[in-house]
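Please open the structure in the viewer and keep the selection tool at hand. The tour proceeds by selections, each followed by a short account of what is there.

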Amino acid sequence: MIKKYSVKELLNQGKFLLNKKVLVEGWIRSFRYSIFITLNDGSTIQNLQIILSTNKLDKIIMKKITIGSSIRVIGIVKKSIGKKQYIELQSLDITIYELVNPKILQKSILQPKRHSFEKLREQAHLRFQTNIFSCIMRIRHHIAFCIHKYFHEHGFFYLHTPIITTSNCEGTGKMFQITTMDFKKNQLIDYAKDFFKCKTYLSVSGQLEAETASLGLGKVYTFGPVFRAENSNTSRHLSEFWMIEPEIAFYHLEENINLAEKFLKFIIKYIVENNMEDLIFLNQCLEKWKKKKKNYLLEKLELILKFPFKKISYTETIKILDQEEKKKNIKFSHPIMWGMDLQSEHEQYLVDKYFKKIPVIIFDYPCSIKAFYMRMNNDGKTVRAMDVLFPEIGEIIGGSQREERYDMLLQRMKDTNIDINKLWWYLDTRRFGSVPHSGFGLGFDRLVQFITGMNNIRDVIPFPRTPNNAEF
């Protein structure tokens with residue numbers, strides 16, 4: 001029986017397979033001089049060169065095939081005469097699975113020319129077959145894999161938290177409501193007759209449920225989809241996206257900050273070591289299309305690994321921004337004052353300009369701009385919160401030490417108008433052996449965006465869900 005190989009396996013093991021008969025399948029990326037076929041199966045950015053024979057069957061096939069056609073090839077592995085590849089496959093038998101009509105091909109993104117990212121999104125069901133998007137998806141896979149690897153090796157338990165919820169974890173922001181009821185405009189829904197007998201939503205976070213698990217299991221993490229219904233059309237926001245949320249018992253803010261930095265560096269180091277082929281290709285695209293400097297992407301990632309993250313308090317941050325504004329005559333759109341919520345312009349200036357693209361961790365934010373579950377500091381004005389800011393992206397992690405004291409948590413819920421009747425179970429955990437505990441949320445898609453260098457977050461997720469767009 002002839003052994004089947006992926007293109008990646010053939011290229012990696014080629015020198016051990018010389019003169020052996022193998023089987024490979026894939027899609028035609030190009031063909032030249034009526035003899036050379038370039039084949040790819042998605043396993044690697046590299047292509048396999050197929051050399052057609054001079055028999056009548058191969059000549060007939062050559063007249064039929066177009067770019068995008070899917071084929072099965074049995075051939076002999078030969079050392080290539082050309083300099084661009086070490087091996088090539090001398091075809092013995094070719095089977096066509098499906099031909100692509102030339103007229104249809106002309107209207108598709110599979111044409112052998114550069115297409116805009118907007119055009120690629122219009123044919124999202126086909127963009128997996130493009131070089132750039134296949135690169136991004138392979139990197140996305142490896143990021144997800146190494147996240148599970150990191151947590152498993154550090155004693156965390158993977159937890160599946162509910163997607164359907166009755167409460168908003170953050171207490172702010174719009175959520176997608178769920179109902180099985182038919183209703184007309186301005187007609188009230190009788191939730192007693194609805195599926196869950198109450199008002200339910202798609203979750204914005206699994207944090208609260210993960211906290212309860214950490215208070216019995218010690219270290220847990222979630223990795224799943226979350227949903228926000230804000231009408232935001234920026235390059236950094238999606239309506240459906242993925243979050244990683246570790247929660248750890250007996251953890252204080254300082255330990256939480258250290259975990260976030262080690263975790264991010266582990267992921268980036270893993271990708272640099274395991275996806276260099278794809279990173280180099282993306283780097284070349286950015287140089288060519290976005291006029292980025294040579295090795296821009298690789299240098300950006302190496303910088304994250306090279307230096308410790310900068311760690312400053314919110315109060316220090318306000319002082320820095322205020323001094324910079326006065327000293328350098330910078331005019332921020334939002335005035336600098338203690339108690340304000342930092343905007344993208346402030347975060348980007350701090351990371352990109354002031355700290356020269358070194359990630360920044362800001363901690364001890366005013367309680368008035370942070371969620372009810374964050375532990376109050378002794379000053380009564382700030383909470384044990386922390387945000388990790390990355391160059392170009394801004395906030396990539398948000399977290400805190402959680403409020404473990406029953407009375408303090410109860411008061412914070414009252415002060416922020418949180419419905420205690422809905423979150424009675426969360427409050428109740430503070431009466432059963434409560435301990436100091438911490439956690440954070442990492443925006444998975446933003447991390448993929450940073451690592452791949454893509455300008456728009458819609459280009460790093462298979463099928464983006466955004467306002468006015470739920471196609472495919």
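The stops below lead from the domains to a helix and then to salt bridges.

**The two domains.** The model is a predicted one. Begin by selecting residues 7-107, which the domain assignment gives as domain 1. Then add domain 2, which consists of residues 131-160 together with 238-459. The C-alpha centres of these two domains are 45 Å apart.

**Where the domains meet.** Next, display the contacts between the domains: 6 residues of domain 1 touch 6 residues of domain 2. The area buried between domain 1 and domain 2 is about 530 Å², with 46% of it on carbon and sulfur atoms. On the side of domain 1 that touches domain 2, there are 1 nonpolar, 4 polar and 1 charged residues. Between the two domains, 3 residue pairs are in polar contact, while the number of salt bridges across the interface is 0.

**Helix H6.** Select residues 207-217, which form helix H6. Which residues of this helix are buried? They are Gln-207, Leu-208, Glu-209, Ala-210, Glu-211, Ala-213 and Ser-214. To see what covers them, show the surrounding elements, including strand S10 (219-227), strand S11 (240-249), strand S15 (394-402) and helix H13 (424-428). Then move to Gly-218, just after H6, where phi is positive at about 90 degrees.

**Salt bridges.** The count for the model comes to 24 salt bridges. Start with Lys-4 and Glu-25, whose side chains meet at 3.1 Å, N to O. This pair links distant parts of the chain, as Lys-4 lies in the segment before helix H1 (7-13) and Glu-25 in strand S1, 21 residues apart. Glu-25 is partly exposed, at 23% relative accessible area.

Now select helix H5 (residues 131-153), which holds both Lys-149 and Glu-153, 4 residues apart. The closest N and O atoms of this salt bridge are 2.8 Å apart. Lys-149 is partly exposed at 30%, and Glu-153 is partly exposed at 47%.

Proceed to Glu-404 and Arg-375, a salt bridge with its closest N and O atoms 2.9 Å apart. Glu-404 is in the loop between S15 and helix H12 (406-415), and Arg-375 is in the loop between strand S13 (360-366) and strand S14 (382-390). Are these two residues buried or exposed? Glu-404 is buried, with 12% relative accessibility, and Arg-375 is buried, with 17%.

Finally, select Glu-211, Glu-247, Arg-402 and Arg-430, which salt bridges with shared partners join into one network. Glu-211 was also among the buried residues of H6.

How values were computed:
Residues numbered from 1 in each chain as written. Predicted model: local features only at pLDDT ≥ 70, side-chain atom pairs only at ≥ 80, totals over all residues. Heavy atoms only, no water. Domains from an automatic or database assignment. Contact = heavy atoms within 4.5 Å. Buried area = accessible area lost by both parts, 1.4 Å probe. Salt bridge = Lys/Arg side-chain N within 4 Å of Asp/Glu carboxyl O. Polar contact = N/O pair within 3.5 Å; in protein donor to acceptor, adjacent residues only side chain to side chain. Nonpolar A, V, L, I, M, F, W, Y, C, P; charged D, E, K, R; others polar. Buried < 20%, exposed > 50% of the residue type's maximum accessible area, 1.4 Å probe, protein only. Helix = DSSP H or I, 4+ residues; strand = E, 2+ residues; numbered from the N terminus.
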